[in-house]
Every structure is written in structure tokens, then in C-alpha cells.
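The exercises below are meant to be worked with the sequence and the model side by side. Try each task before reading the solution that follows it.

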Amino acid sequence: MDDKYSQDLLFDINRVVDFMKDVQRSQGRVFVFSDRGHSRSAALVIAWIMYSKNLNLHEAYVFVKDRRYVIEPNRSFLRQLGEWAYT
């Protein structure tokens, strides 16, 4: 996945969340990373937090930001996460 405004994050969110659900069911853990851990991985972790803790985008963003202060998902990813929250 590229950290570009044109990247379609919506396609990957459901696959990632489904993968994390499967891992959680088997009592496993997932290590999420990207080049700097600021945008791509942060966006996917925010999606997981939204799903798993039933939080809205803002609440999930704050939850992740409190634990990794350097996150800075690009605006397109945030917009797509907001769209995904309502699907």
C-alpha cells in the first residue's frame, strides 16, 4: 500500500480487520508496521480500534495517538476511515 492520497484504503480495511479478527480468535497478536509508522499502519490500526472497541473515528484516533504520538495518517486515509465507519 502506498502512502498517497490516491491510495484506496477502503479496499484493504476490511481485509485487515478480518485478518485481525481471525488472529484475535486464535489468541494471537498482530504486529503492524510500515516505513515510519506514521500514516499507513496508523490508519489500519485506527480502523481496527474503531471496529474492536466500537469507537468513532475521532475516539479511535485519540486512543491510538495517546499510545503512539507520532501517528499522522494522511488526510485521504482519515476521510476514507470516516466513510468506512458508516458502512
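**Exercise 1: Two buried serines**

Leaving aside neighbours within four places in sequence, S76 is in contact with Y5 and Q7, where contact means heavy atoms within 4.5 Å. The structure is a predicted model, in which local features need pLDDT of at least 70 and side-chain atom pairs count only at pLDDT 80 or more, while totals for chains, interfaces and linings use all residues. Residues are numbered from 1 along each chain as its sequence is written, and side-chain values use heavy atoms, with hydrogens and water left out.

Task: Find where S76 and S39 are placed, and decide whether each is buried or exposed.

Solution. Begin with S76, whose place is in helix α4; helices here are DSSP runs of H or I with at least four residues, strands are runs of E with at least two, and both are numbered from the N terminus. S76 has 5% relative accessibility and therefore counts as buried, a word that means under 20% relative accessible area, whereas exposed means over 50% and partly exposed lies in between, with a 1.4 Å probe and protein chains only. Turn next to S39, which is found in the loop between α1 and α2 and which, at 5% relative accessibility, also counts as buried. Once its neighbours within four places in sequence are set aside, S39 is in contact with D3, E72, P73, N74 and F77.

**Exercise 2: The surroundings of Q7**

Task: Describe where Q7 lies and which residues it touches.

Solution. Q7 belongs to the segment before α1, and its relative accessibility of 18% makes it count as buried. Not counting residues up to four places away in sequence, Q7 touches M1, D2, D12, S76, F77 and Q80. As a check on distance, Q7 and A42 are 35 residues apart in sequence and 15 Å apart in space, taken from C-alpha to C-alpha.

**Exercise 3: The chain as a whole**

Task: State how many helices and strands the protein chain has, and how its radius of gyration compares with the globule rule.

Solution. The protein chain has 4 helices and 0 strands, so that from the N terminus on its elements run α-α-α-α. Its radius of gyration is 12 Å, close to the 12 Å that the globule rule gives for 87 residues, and the chain is therefore as compact as a globular protein of that length; the radius is taken over C-alpha atoms, and the rule is 2.2 Å times the number of residues to the power 0.38. Along its principal axes the C-alpha trace spans about 35 × 25 × 25 Å. Of the 87 residues, 36% count as buried, and among contacts between residues at least 6 apart in sequence, 68% join residues at least 24 apart.

**Exercise 4: The largest nonpolar core**

Task: Find which members of the largest nonpolar core touch the most other members, and which element gives the largest share.

Solution. A nonpolar core is a set of buried Ala, Val, Leu, Ile, Met, Phe, Trp, Tyr and Cys residues joined through side-chain atoms within 4.5 Å. The largest one has 18 residues, of which L9, I13, I46 and L81 touch the most other members. Two or more residues come from each of α1 (9-25), α2 (40-53), α3 (57-67) and α4 (75-84), and the largest share, 8 residues, comes from α2. Looking at one member, L81 touches L9, I13, A43, I46, A47, M50 and L57, residues up to four places away in sequence not being counted.

**Exercise 5: Aromatic rings**

Task: Describe the geometry of the pair formed by W48 and Y51, and find which residue lies over the face of F63.

Solution. A search of the whole structure finds 2 aromatic pairs. In the pair of W48 and Y51 the ring centres are 5.6 Å apart and the planes are at 35°, so the pair is tilted; rings of Phe, Tyr and Trp (its six-membered ring) pair if their centres lie within 6.5 Å, and planes under 30 degrees apart count as stacked, over 60 as edge-to-face and the rest as tilted. Because W48 and Y51 are 3 residues apart in helix α2, they are separated by about one helical turn. W48, at 13% relative accessibility, counts as buried, whereas Y51, at 40%, counts as partly exposed. Finally, R67 lies over the face of F63, at 3.6 Å from the ring centre, the criterion being that NZ of Lys or CZ of Arg is within 6 Å of the ring centre and within 35 degrees of the ring normal.
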